[in-house]
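Visitor: I am new to this structure and would like a close look at a single part of it. Please choose one and explain how it sits within the rest.

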Amino acid sequence: MNKLIQFVKDSVAELKKSTWLSRTEVIQSTILVGIVVALVSVYVGVIDFGLTRVLGAIVGGH
């Protein structure tokens, strides 16, 4: 039990040393991640659509 308490104390001490992002930085990062995810999704969708059409034409599908 003593080790657990010491671990929690050490963890809290380490977290206090950390520098945290500001609210504005978190919001900006979240928006940026959303934009990147959307762009990659569109890119993968276009590639998937194109490959589906090409392979369909090769195999003889509609």
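Guide: A residue is called buried when its relative accessible area is under 20%, exposed when over 50% and partly exposed in between (1.4 Å probe, protein chains only). By that rule, buried residues make up 0% of the 62 residues in this chain. Residues are numbered from 1 along each chain as its sequence is written, and the model is a predicted one, where local features need pLDDT of at least 70 and side-chain atom pairs count only at pLDDT 80 or more, while totals for chains, interfaces and linings use all residues. Side-chain values rest on heavy atoms, with hydrogens and water left out.

The part I choose is helix H2. The chain has two helices and zero strands, these being DSSP runs numbered from the N terminus (helices H or I, at least four residues; strands E, at least two). H2 covers residues 23-59, and because its 37 residues should span 54 Å at 1.5 Å a residue, the 53 Å between its end C-alpha atoms agrees with expectation; the expected span is 1.5 Å times one less than the number of residues. Directly after H2 comes Gly60, whose phi is positive, near 105°.

Along the surface there is a nonpolar patch formed by Leu32, Val36, Val40, Tyr43, Val44, Ile47, Leu51, Val54, Leu55, Ile58 and Val59, which together offer about 1,100 Å² of accessible area. Such patches take residues with over 30% relative accessible area and no salt bridge, joining nonpolar side chains (Val, Leu, Ile, Met, Phe, Trp, Tyr) within 5 Å and like charges within 9 Å, and the areas come from the Shrake-Rupley method with a 1.4 Å probe, only the protein chains shown counting as cover for residues. An α-helix has 3.6 residues a turn, so residues three or four places apart point the same way. Leu32, one of the patch residues, has its place in H2 and counts as exposed because its relative accessibility is 52%. Arg53 is also found in H2 and is exposed at 56%; from Met1 it is 52 residues away in sequence and 63 Å away in space, C-alpha to C-alpha.

Before H2 comes the loop that links it to H1, and Trp20 is found in this loop. Trp20 is exposed at 65% relative accessibility, and its C-alpha lies 54 Å from that of Ile58, with their positions 38 residues apart in sequence. Ser18 lies in the loop between H1 and H2 as well and is partly exposed at 34%.

In H1 (residues 2-17), Glu14 and Lys17 are three residues apart, and therefore separated by about one helical turn. Their side chains meet in a salt bridge of 3.1 Å, N to O, a term for a side-chain nitrogen of Lys or Arg within 4 Å of a carboxyl oxygen of Asp or Glu; the structure holds one salt bridge. Glu14 is partly exposed at 47%, whereas Lys17 is exposed at 61%.

Seen whole, the C-alpha atoms of the chain fill a box of roughly 70 × 35 × 10 Å, taken along the principal axes. The chain exposes about 6,000 Å², and carbon and sulfur atoms supply 71% of that area.
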